[in-house]
Each structure stands twice: as structure tokens, then as C-alpha cells.
Amino acid sequence: MSGRIVRITGPVIEADGMRGGRMYEVVRAGNAALIGEIIGLSEETATIQVYEDTTGIAPGEPVERTGASLSVELGPGLLGTVYDGIQRPLEVIRDEFGDFIIRGASLPALDRERRHEFTPQAEIGGAAAPGTLIGTVPEGRFTHAVLVPPGTDGTFLRVSPPGNYTVEEEVACVRTAGGEDLIVSMLQRWPVRTARPIREKMAPSEPLITGQRVIDSFFPMTKGGAAAVPGPFGAGKTVVQHQLAKWSDADIIVYVGCGERGNELADVLRQFPALDDPRTGEPLMGRTVLIGNTSNMPVAAREASVYTGITIAEYYRDMGYDVALMADSTSRWAEALREISGRLEEMPGEHGYPAYLASRLAEFYERAGRVRVLGPTEKTGSVSVIGAVSPPGGDFSEPVTQNTLRIVKVFWALDADLAHERHFPAINWLQSYSLYLDAVRGWWEEHGGPEWDRARKDMMSVLQKESELEEIVNLVGSDVLPEEDKLALLVAGIIRESFLIQYAFDPVDTYCPPQKQYLMMRLIHDYADAGRAAVGRGASSAQVGALPVTGRLSRLGSVPTTEFPTFFGELERRMEEEFGTLGGGRP
């Protein structure tokens, strides 16, 4: 099961004598035993992409087949771990080899010595269909479900008693219909390019609450949805991804740093262990898996990293958890595809990307979803995918952005001009959209308030009106506008400054729960309604803007969440009193 290297082109090599090799089979290339994967076959010649630096290897060196596809190890111990793009544990490698990854280094993704407290749930003689619960293991604050793996079906011949076991030790034995006895341990392996099976994909209905007002209230995403965050350099893509990873209400977070700068990933590695989960008070890393493949690491491993991340996400989804995957950024992943395609001398498509760019993006994003998982019990889980896109020069017409937009249903367009104006999150409310509004309306009206949809539409119409009036204002000034339009500009300014801007480093404003978001929208909406009524009675927009209540609307986000219901009631009373004196009194 070995061949010989005949050609080396950067991260791509060719080897002959590879008869019997399979597509996407993992190999060990050269005397340094570099990890690679077969991506092309022609008779006895295999084309291999190597996940490590190929400097120093030479034609004639051996290539050893492993007989296995590129797979990840799944089991207890994933949470809180930092991996590279092919699931090598970076912290263990640092302790073993030092601060730099030695070529050919290969250590198990899951600790083979660590013992986990196993509590059996299955019974001897019971049905062992895929997804059947064998037992549970505590993993931090989560209950890690040990399930019968896909492809295994029969009856339980043995179930291990309660005790502490390593991931490789037997926890059950399943006798198949054909009479074969299969040993089941807590350790599973799954090929990363193959989606894990499900019973049924379901329609999304519950929003993924992120605590970011412009996202939750204006352009919401659902659990099991897919979103794109495109923007030029400096627009805040990474900060948005960090905020979503910190504050979203998913159970599990998988963060994939795909081809990003090392200092940005270092910030993640420094910040996450120091942060507490706002819902539990426990360390945020306790619900997070980090996959880091920086821009100076081998390009082929960058291509594999997103598949590694989403396979881990699907594994926890199969236990019934809601998982959010952050991919930062898919543009760097697409650049890896482009480089490898060029090495393979494939016919380039638009901007030099391979012709299969669209299908690869679709395969990735379509693994998101809210699903009914395998198993005898009715259980649902979800994988939500949020992919950052880094279009060169902020050009949203480039292929990666356009092909992504054909797939995802949420588009958060980051605007460099807003970022330069210190408006964060720099999400452009006129370019962004969400196709999940109908799906989440019922949830918001139940958990936020009955006026959510009307308040949101009213605020959006005011912002659109402001955009229409900007050209006139820039040409001749605002003095020529009728009072109704001047009021629209005043209200739009309040919406932008008080609602859309959110300070990530403010201890109060960094996270805004749904009920507070709704009450903020109600205040601004009621203020706009009262202002229109006052202008209709003869008041001027300047008089409306001079009211003391206008100033109190300027920094709603800084009011502590626990105090906001009282603040809301007080401000509503003040509005009724102050607006009642404008325009000759109440009609």
C-alpha cells in the first residue's frame, strides 16, 4: 500500500504506484510522513494535497496509504479544545514539541489516557438502532450523549456498567442482524466531507438570539439558518463574529479561524478563556471548540478546516443541542481552493476560482439546518452557520460573495464608511436583509411583544426615508424640507445613534436581551408616532427635538437591563406629558 513521489508542486504532489487508492484517502507523504489526501486519480498515479509544508521532500520518497478518509475523532473531551485545520490538538502539540508544529507531527485529537464517568442508559437485549442512547458522560455543564453510531444496527449484547472509561474502551457490544458482534466505544470517527445522517430536516422557527440589536430585531437569523457577513478590511467582520460567538444563545459554539491573521486568532485564544458565559457564569470555553488555521499555515489544511468544524458541529447536533458555527472567513477558504486548483492545472473560472466554487460553497452551507435526529426518541437539534466573507476592496459582486448569497438567507452587509464613522456594528441597514422574518415573527410577538413587527417596519421605513432625503439635504440643506420630513430625519438619527450603534466593550451595552430590544423599539416607535401627531397639530420638528425626552432617548443601550422596565414606564409617561403641550394641546 505504498507509492513513490514523482512530482512536487507546492502543497500538491503526484505519486505513482498508487493502484487501489481511493478519492479523499489519507496518505503519509515523504520520509517526514506528511499528512495528505488523494484528490485525483489516473491509473496508478495519484494527485495528493499535502496539509503540511512540503519544503525538503524529494521525488522518489515513499507515499504510504492509510486506507481511511480524512476523518475527525468525535467523543467526550472536544469542548474547550483548540485544534488546527485537520484536528491536531495545538495545546498538546505545544506541550510535546514546543511553540512550533513539527512537520509530520500527529497526536490523537482526544486524550487516550483521560477517563470519563460513564452512566449506562441502554439495556441488554434492547434495540440498537443508529442514534440510540447507550449512556451519558458529563462534559462540563453538558451531558454528552454516547450514541450508537450511524451504520450500526442490531441489539445490545453487552452494556458496560457504570464506571470511568477511556474513549477507546468498550461501553457496549451490538450484535447485528447478520450475527456480527460490533464493539462500541465512546470514540467515533467520521469522514469530514460526508454530512452525518438525519431523520428529517425541519423548517426553522426560533431565532438565534445574539444580543446584537441590528441583527436580532432588524435582520434576524434562525437556529439552523445560514448567514453571510461580507465586508472590506477594517469593517469589523471578526469583531462581529467574536460577538456572535460570545453572546449567541446556541448551546455549543464551533469557531473556525480559516486563513485569518495570527494576531486575530491570538485575540480569540486570549479572550475566550477569560470570558464567562452570561447565562451560566461558567467559562465560555466550556461550550466552545476552536479550530485555528492562520494565513501562514499550510493552505491545504485551510481547505479542510471548515469541514472539520461542521462535522464536530453535526456531532453535537445529533445529541439534540443547538450549535452555532462561525467560519472566519470563507474567502480565505475559497482562496485555498483557487491555489490548489491552479496547482492541478484545472480550467479557471471567474477571478481564477475553480468552476466548482459554487457547488463547494453550497455543500458547506447546506449542512446547516434544524433537524430531527436519528434515534428512537423524538429529538431535534440544529447547526447554524455564519460565514464571514472578505471581498477584495469591498466588492460584493466578486464570485465568493455572489455565490454565497445564492445559498444563505441572511445577509449582514458590513460598510467601511460606517466603520470609519465609528458606527459599530457597521451593518448597512439598506443593503442587508433576512428571509427569516416570517419564520420568527411569532416567536418575537410571544417573547418580545405584540407590536414587534409593526415597530420594526416603522423604524425601517424611517431609515429608508432618511436615505431618500439625503440627496436633497446635501444639495440645498434641510431647511427647505417640510416638517414631516424634518421629523423623519430627527427620528432616523435617534434610531441610528440609540438603537443601531452598540458598544461591544460597554459592560451593559455589549449584550441586549430580546425584551429590552423590544422595549427600546417601542419607545422610539411611540416617540415617532407622538411626534407625527404633534407636527400634525402645528408643532415644528425643532420643538419636538428640543423636548427633554428626546435627549433621554439618545443612549437607551446604556440603561441596565434590570432597570429598563421601570425606565420604560417613566419615559412613556414623560412623552405623554411633554408631547401633550405641543401644537396647541391635544386635539
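**A colleague's note on the pocket, the fold and Ala122**

1. Let's start with the largest pocket. Its lining divides into 16 nonpolar residues, eight polar and eight charged. Please keep in mind that this is a predicted model.

2. The volume of this largest pocket comes to about 820 Å³. Altogether 32 residues line the pocket, and those closest to its centre are Leu90, Asp99, Phe100, Ile101 and Met297. If you want to find the lining by element, look at helix 1 (90-97), helix 4 (262-271) and strand 21 (288-293), each of which gives two or more residues to it.

3. Now for the chain as a whole. You will find 16 helices and 26 strands in the protein chain. Along the principal axes, its C-alpha atoms fill a box of roughly 90 × 55 × 40 Å. The radius of gyration is 28 Å, which agrees with the value near 25 Å for a compact globule of 587 residues.

4. On packing, 56% of the 587 residues count as buried. Among contacts with a separation of 6 or more, 70% are between residues 24 or more positions apart. The chain exposes about 23,800 Å², and carbon and sulfur atoms supply 50% of that area.

5. One residue to visit is Ala122, in the loop between strand 9 (116-120) and strand 10 (127-128). Is Ala122 buried or exposed? Its relative accessibility is 15%, under the 20% cut-off, so Ala122 counts as buried.

6. Beyond its neighbours within four places in sequence, Ala122 is in contact with Leu133, Ile134, Phe156 and Val159. Gly551 lies 429 residues from Ala122 along the chain, and 63 Å separates their C-alpha atoms.

Terms used:
Residues are numbered from 1 along each chain as its sequence is written. This is a predicted model: local features need pLDDT of at least 70, side-chain atom pairs count only at pLDDT 80 or more; totals for chains, interfaces and linings use all residues. Side-chain values use heavy atoms; hydrogens and water are left out. Helices (H or I, at least four residues) and strands (E, at least two) are DSSP runs, numbered from the N terminus. Buried means under 20% relative accessible area, exposed over 50%, partly exposed in between (1.4 Å probe, protein chains only). Contact means heavy atoms within 4.5 Å. On a 1 Å grid over the protein atoms alone, a cavity is a set of points where a 1.4 Å probe fits but cannot get out, and a pocket is an open set with protein on both sides within 12 Å along at least five of seven lines; lining residues have an atom within 4 Å of a point. Grid points are joined across faces, edges and corners, and a volume is the space filled by probe spheres set on the points. Ala, Val, Leu, Ile, Met, Phe, Trp, Tyr, Cys and Pro count as nonpolar, Asp, Glu, Lys and Arg as charged, and the others, Gly among them, as polar. The radius of gyration is taken over C-alpha atoms; the globule rule is 2.2 Å times the number of residues to the power 0.38. Accessible areas come from the Shrake-Rupley method with a 1.4 Å probe; for residues, only the protein chains shown count as cover.
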